[in-house]
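User: I would like to learn how to read a few features of a structure, one at a time. Please give the general idea first and then the case at hand.

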Amino acid sequence: MNNDELNNLSFEDALAQLETIVRELESGRIKLDDAIAAYEKAVALKQLCESKLKAAQLKIEKIDIGPDGEMKTVPLDAAEA
């Protein structure tokens, strides 16, 4: 799988592929060369999933009502600080 194919995966598809690879590796029924290739793909999928989660987290906002009753949106983590 090349980088373009990897980057076009949705979070859900990348996670499903990652879970499949983990199950294959855990089964111990995979040849060493295939296991190494699967591990490398798993690392790339993990990084993609983490990147997509981080991007989604940055987009999440909370509606905050100020003391004057004015409503505004603030980043979720800033509202909790």
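Analyst: This is a predicted model. We can begin with charged pairs: the structure holds one salt bridge.

User: Which side chains meet in the salt bridge?

Analyst: The general idea is to look for a Lys or Arg side-chain nitrogen within 4 Å of a carboxyl oxygen of Asp or Glu. Here the pair is K46 and E50, with an N to O distance of 2.8 Å.

User: How many residues apart are E50 and K46 in helix α3?

Analyst: Four. Because both sit in helix α3 (residues 32–59) with that spacing, about one helical turn separates E50 and K46.

User: Are E50 and K46 buried or exposed?

Analyst: Neither label applies, because buried means under 20% relative accessible area and exposed means over 50%. E50 has 43% relative accessibility and so counts as partly exposed. K46 is partly exposed too, at 43%.

User: Next, the interior. Which residues make up the largest nonpolar core?

Analyst: In soluble globular proteins, nonpolar side chains tend to be buried together. In this model the largest nonpolar core has ten residues: L6, L9, A14, L18, I21, A38, A42, L45, L48 and C49. Two elements, α2 (11–27) and α3, each give two or more residues to this core. The most come from α3, which gives five.

User: With which residues is L6 in contact, leaving aside its neighbours within four places in sequence?

Analyst: A contact list shows what a core residue packs against once sequence neighbours are set aside. For L6 the list is M1, A44, L45 and L48. Of these, L45 and L48 are also members of the core.

User: Which residues form a nonpolar patch on the surface?

Analyst: For a patch, one looks for nonpolar side chains that are accessible and lie within 5 Å of one another. I63, I65 and M71 form such a patch here, and together they have about 350 Å² of accessible area. I63 belongs to strand β1 (residues 61–65). At a relative accessible area of 58%, I63 is exposed.

User: And strand β2: which residues does K72 touch, not counting those up to four places away in sequence?

Analyst: Contacts between residues set apart along the chain show which segments come together. K72, in strand β2 (residues 71–75), touches K62, I63 and D64. K72 and K62 are ten residues apart along the chain, and their C-alpha atoms are separated by 8.3 Å. With 45% relative accessibility, K72 counts as partly exposed.

Notes:
Residues are numbered from 1 along each chain as its sequence is written. This is a predicted model: local features need pLDDT of at least 70, side-chain atom pairs count only at pLDDT 80 or more; totals for chains, interfaces and linings use all residues. Side-chain values use heavy atoms; hydrogens and water are left out. Buried means under 20% relative accessible area, exposed over 50%, partly exposed in between (1.4 Å probe, protein chains only). A nonpolar core is a set of buried Ala, Val, Leu, Ile, Met, Phe, Trp, Tyr and Cys residues joined through side-chain atoms within 4.5 Å. Contact means heavy atoms within 4.5 Å. Patches are made of residues with over 30% relative accessible area and no salt bridge: like charges are joined within 9 Å, nonpolar side chains (Val, Leu, Ile, Met, Phe, Trp, Tyr) within 5 Å. Accessible areas come from the Shrake-Rupley method with a 1.4 Å probe; for residues, only the protein chains shown count as cover.
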